[in-house]
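Today I sat down to look up how some helices pack and what lines the ligand. Here are my notes, in the order I made them.

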Amino acid sequence: MTDSYLKAVDGGLVKGLAQRLGLPQPVVLRRHDPSAPLVPGPVLVVGGRPDAADDADAVARALLGWDLDVRQARGDAVPEGVERWGAIVVVVTEAKTPEDLHDPVLALGAQLRRLARCGRVVTVSRAPGDGDSPALAATRAGVEGFLRSVAKELRAGATANGVQLVAGAGAGDPAALAALHFFLSGRSAFVDGQLLEVGAGPAWDATGFDRSRPLAGRVAVVTGAARGIGAEVARTLARDGASVVVVDVPAAGEALAAVANEVRGTALQLDVTADDAGARILEHARSRHGGLHVLVHNAGILRDKLLANMRPAQWDAVVAVNLAAQLRITGHLLDVGGFSEAPHIVSLASTSGIAGNRGQTNYGFSKAGVIGHTRATARLVAALGGTANAVAPGFIETDMTASIPLVPRQVARRASSLQQGGQPVDVAEAIAFLASPGSTGITGQVLRVCGQNLVGR
Ligand code: NAI
């Protein structure tokens, strides 16, 4: 669905008018384009000690390895001669006290006006841990509030996100670099103000890993894939090299077959609430593709009603499709050892499951439940070297949101730092990233794809 205000404001006469009237000025976001550079200009790495090799050096080395033009700033000495930064990466993993943030934060501030359109700020910090002293915990937790506030100050499609290393993880680890790469790239266009915890994860052999086809040789199942976000997930996983099984209800069979043809995958007509859904998915994936590595629980429904007016069938249907089906299918696959190698499971949550939404007690329950089971499932699949994560979309331009009346739809679109709705591909890119073997070490997380929606965290 098109956002005609965005089209009008991003260029031309209306832009000046919006500026004068103080109206939102969203811009068309920079999305993944294999022919475009990773970031739109040189990258500045801020932070680190002047006297020793450290995490800032490890990050700068990785960026150089991605063929980027990299400059480093330590203390308040910032390189001259760059008009626009494509990205600024702030490495504060070694900060121990609040005072340690002074230099890197102010160095970032001094450069923010030079951040390119759709540029990136990424912080690399350490997550607060149980054994931290109060000062250390304050410093580490403080980075979260700082990052989320910086994100709200950026304009022109620029975003700020953070890689938060948990105990045992290093800034140069593959999973930390995979997260950094995602945040810098156009794949994270609609991810803003988010911190992603990255652990060391199991050892992962990156030999022969092709970043342009990270899912080559993998078999992925996507439920609810006949349209909307699910169809885009299927396309994106196929683009990244996966063989894809698309699943949807028999009533959507025609659209499902079209998606399957488009992605050169196979279609499975199935109601995910069926008792034998897990067994049928496994049988299909094994017999048609030889295994199962990635499972995307996307099928979901709305039956909005105020709780006072909620009919039992409306509560039951939402819980059955959005939550119970995910539990039953994953449970079956784990019980019978159905996954090949390390599984990557990604489940669709929603910002409504985080912040709640009037008229959506059933939906909010189901989506918060998804977040809960994701954390528990992450512990179960860790033994297999796998991951389980959730993606929580905010306002995404789909058939579902097209049915919202005009005025609330316009308000919902502008109520985020990026001042627009996301596209299904934005959710699909986040899912593809979490499904990739490179993101091993990121597990039990909820990644919001919401343009830093102003509701919830
Ligand atoms: P959609 O309604 O366009 O597509 C959902 C698909 O799931 C449909 O093809 C439908 O036939 C299928 N489906 C429904 N019940 C099923 C069942 N029992 N078995 C198999 N397939 C079934 O929805 P959309 O917008 O693409 O959303 C996809 C997911 O993203 C859902 O889980 C939704 O809750 C979530 N989401 C969407 C947001 C948005 O703004 N569009 C925001 C937050 C979350």
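My entries on helix packing come first, and the ligand follows.

**Ground rules.** I am working from a predicted model, where local features need pLDDT of at least 70 and side-chain atom pairs count only at pLDDT 80 or more, while totals for chains, interfaces and linings use all residues. Residues are numbered from 1 along each chain as its sequence is written, and side-chain values use heavy atoms, with hydrogens and water left out.

**Entry 1: α9 and α10.** I took helices as DSSP runs of H or I, at least four residues, numbered from the N terminus. I looked up helix α9 (residues 277-289) against helix α10 (residues 312-335): their axes come within 8 Å and cross at roughly 55 degrees. Axes here are lines fitted to C-alpha atoms over the stretch in contact, with angles from 0 to 180 degrees between N-to-C directions. The pair is therefore oblique (neither under 35 degrees, over 145, nor 65 to 115). The crossing of α9 and α10 is right-handed, the near helix being turned clockwise from the far one by less than a right angle. On α9 the contact (heavy atoms within 4.5 Å) uses A277, G278, A279, I281 and L282, and on α10 it uses I329, H332 and L333. I noted six nonpolar residues, two polar and no charged in this contact. For these classes, Ala, Val, Leu, Ile, Met, Phe, Trp, Tyr, Cys and Pro are nonpolar, Asp, Glu, Lys and Arg are charged, and the others, Gly among them, are polar.

**Entry 2: α10 and α12.** Next I followed α10 to helix α12 (residues 361-382), where the angle is about 10 degrees and the axes are 8 Å apart. That makes the two roughly parallel. The contact includes W315, V318 and L323 of α10 and Y363, F365 and H373 of α12. Its residues divide into 11 nonpolar, 10 polar and one charged.

**Entry 3: α6 and α15.** How do helix α6 (residues 174-184) and helix α15 (residues 424-435) pack? I found an angle of about 165 degrees, with the axes 11 Å apart, and the two helices are therefore roughly antiparallel. A178, A179 and F182 of α6 meet E429, A430 and F433 of α15. By class I have five nonpolar, no polar and one charged.

**Entry 4: the ligand.** Which residues come nearest to the ligand? Of the 26 around it (a heavy atom within 4 Å), they are R227, I229, D248, N298 and Y363. I also noted that a ligand nitrogen is 2.8 Å from a side-chain N or O atom of D271. A backbone N or O atom of I396 lies 3.1 Å from a ligand oxygen.

How values were computed:
Polar contact = N/O pair within 3.5 Å; in protein donor to acceptor, adjacent residues only side chain to side chain.
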